[in-house]
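Trainee: Before we open the model, could you take me through it feature by feature, giving the general idea first and the particular case afterwards?

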Protein chains: 2
Amino acid sequence: MKAYADIFKALGDETRLSMIALLLSQGEMCVCDLMGVLAISQSKASRHLRYLLHAGLVTDRREGVWVYYRLQESRKTEASRVTTAIGNLITSRLSDDLKMRMHTWTANKQNNDNCCTDNSTTC
Amino acid sequence: MKAYADIFKALGDETRLSMIALLLSQGEMCVCDLMGVLAISQSKASRHLRYLLHAGLVTDRREGVWVYYRLQESRKTEASRVTTAIGNLITSRLSDDLKMRMHTWTANKQNNDNCCTDNSTTC
DNA sequence: TGCATATAATCGCTTAAGCGGGTACATGCA
DNA sequence: TGCATGTACCCGCTTAAGCGATTATATGCA
């Protein structure tokens, strides 16, 4: 029971819950992607991603300079059971604002072929 | 999104999550029942139930001296969607210890026709 | 009505944890 | 080395937890 409580505690923050919702719909994102879409500072993004990592909700993968995060997908974990159970619930509630940010961010990323050369952000 | 984060925050405590799991399996319980089964103090039980009430996860109903709590069942609320989605997950994880407590507690209650005349507890 | 009892909610206090901003540090690439 | 990316740590603030004591509400009885 405590294991589940810890998972829900990790989901009990708007920043982290939005991260999970984005990862549910996008599959994999690097820290700078999440910073850009959520419009938060790098240290804040990194800190919450570490929290999610230690809680077992996501996994990380380094590729050169970038660190990519994706949902923990091992079916045997409590975390994946929870995200599976609530996935539809929270992705359907991704705010329009966030969808818009996501859209413009990925558009810029494609144009620049790099997630962090967009002058309009502080990335 | 914040609404869901607040719900998960409410579930992110072992005491409150156990209360939700018990209410899922029992339907309705008074404060003294929850105190007894979870072996917690009255103030602790009351405080966490108020937390769940304000978070919209449960409703209360006074009947004489007793106050009964049950899950929020209005299908339109985010809270009920969440508890529905995770119900099987957490009730199947009700610890054996808790099931045992639940069993002995309800047995005593039936014998005494009163939840608070059991000398073996501090209720 | 007055009083004792049972149940539940709240208050005051202390302690622990979480969150945010900022900044120093580590890592990897050119 | 210089630069970009990401992490770790510090500080201040807020929230929430536990505990015991007190207060509020309802019931039962003389």
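Mentor: Let us begin with burial along one helix. In α2(A) the buried residues are Arg16(A), Leu17(A), Ser18(A), Met19(A), Ile20(A), Ala21(A), Leu22(A) and Leu23(A). Please keep in mind throughout that this is a predicted model.

Trainee: How many residues does helix α2 of chain A have, and how far does it reach from its first C-alpha to its last?

Mentor: Helix α2 of chain A, residues 14-26, has 13 residues and reaches 18 Å, which is close to the 18 Å expected at 1.5 Å a residue. The helix is followed by Gly27(A), whose phi is positive, near 90°.

Trainee: Which residues other than glycine have a positive phi?

Mentor: Ala39(A) has a positive phi near 60°, and in chain B the phi of Ala39(B) is positive as well, at about 55°. Ala39(A) sits in the loop between α3 (31-38) and α4 (42-54) of chain A, while Ala39(B) is placed in the loop between α3 (31-38) and α4 (42-54) of chain B.

Trainee: Is Ala39(A) buried or exposed?

Mentor: Here the cut-off matters, since a residue counts as exposed if 12 or fewer other C-beta atoms lie within 10 Å of its own. Ala39(A) counts as exposed because it has 12 C-beta neighbours inside 10 Å, and Ala39(B) is likewise exposed, with 12 other C-beta atoms within 10 Å.

Trainee: Where does Trp105(A) lie, and is this residue buried or exposed?

Mentor: Trp105(A) lies in helix α6 of chain A, residues 96-112, and counts as buried because it has 23 C-beta neighbours inside 10 Å. Once its neighbours within four places in sequence are left aside, Trp105(A) is in contact with Asp33(A), Gly36(A) and Val37(A). Of Trp105(A) and Asp33(A) one can add that they are 72 residues apart in sequence, with their C-alpha atoms 7.8 Å apart in space.

Trainee: And how should I read Thr104(B), which is found in helix α6 of chain B?

Mentor: Thr104(B), within residues 96-112 of that chain, counts as partly exposed because it has 14 C-beta neighbours inside 10 Å. A separation in sequence can also be set beside one in space here: Thr104(B) and Arg47(B) are 57 residues apart along the chain, and their C-alpha atoms are separated by 25 Å.

Trainee: What describes two packed helices?

Mentor: The description rests on the angle between the two axes and the distance between those axes. In chain B, the axes of α3(B) and α4(B) come within 9 Å and cross at roughly 115°, and α3(B) passes α4(B) in a right-handed crossing. From α3(B) the contact draws on Val31(B), Leu34(B) and Met35(B), and from α4(B) on Gln42(B), Ala45(B), Ser46(B) and Leu49(B). By class, the residues of this contact of α3(B) with α4(B) are five nonpolar, two polar and no charged.

Trainee: What is the overall layout of chain A?

Mentor: Chain A has six helices and three strands, and its pattern, read along the sequence, is α-α-β-α-α-β-β-α-α. Of the 123 residues in chain A, 32% are buried. Among the contacts in chain A with a separation of 6 or more, 59% are accounted for by residues 24 or more positions apart.

Trainee: How many residues of each chain take part in the contact between chains A and B?

Mentor: Chain B contributes 20 residues and chain A contributes 20 residues. On the side of chain B that touches chain A, α1 (2-11), α2 (14-26) and α5 (78-91) each supply at least two residues, and by class that side has 11 nonpolar, three polar and six charged residues.

Trainee: Which residues of α1(B) are buried, and what do they pack against?

Mentor: The buried residues of α1(B) are Tyr4(B), Asp6(B), Ile7(B), Phe8(B), Ala10(B) and Leu11(B). These buried residues of α1(B) pack against α1 (2-11), α2 and α5 (78-91) of chain A, and also against α2, α4 and α5 of chain B.

Trainee: What rotation superposes chain B on chain A?

Mentor: A rotation of 180°, with 0.0 Å of shift along its axis, superposes chain B on chain A with an RMSD of 0.1 Å. The two copies are therefore related as by a two-fold rotation axis. The copies meet through the same surface, because 100% of the interface residues of chain B are also interface residues in chain A.

Key
Residues are numbered from 1 along each chain as its sequence is written. Chains are lettered from A and ligands numbered from 1 in the order in which they are written. This is a predicted model: local features need pLDDT of at least 70, side-chain atom pairs count only at pLDDT 80 or more; totals for chains, interfaces and linings use all residues. Two residues are in contact if their C-beta atoms, placed from the backbone, lie within 7 Å. Helices (H or I, at least four residues) and strands (E, at least two) are DSSP runs, numbered from the N terminus. Ala, Val, Leu, Ile, Met, Phe, Trp, Tyr, Cys and Pro count as nonpolar, Asp, Glu, Lys and Arg as charged, and the others, Gly among them, as polar. A residue is buried if 20 or more other C-beta atoms lie within 10 Å of its own, exposed if 12 or fewer, and partly exposed in between; C-beta atoms are placed from the backbone. Copies are superposed by least squares on the C-alpha atoms of residues with pLDDT of at least 70 in both. The expected span of a helix is 1.5 Å times one less than its number of residues. Axes are lines fitted to C-alpha atoms, for helices over the stretch in contact, and angles run from 0 to 180 degrees between N-to-C directions. A crossing is left-handed if the near helix is turned anticlockwise from the far one by less than a right angle, and right-handed if clockwise.
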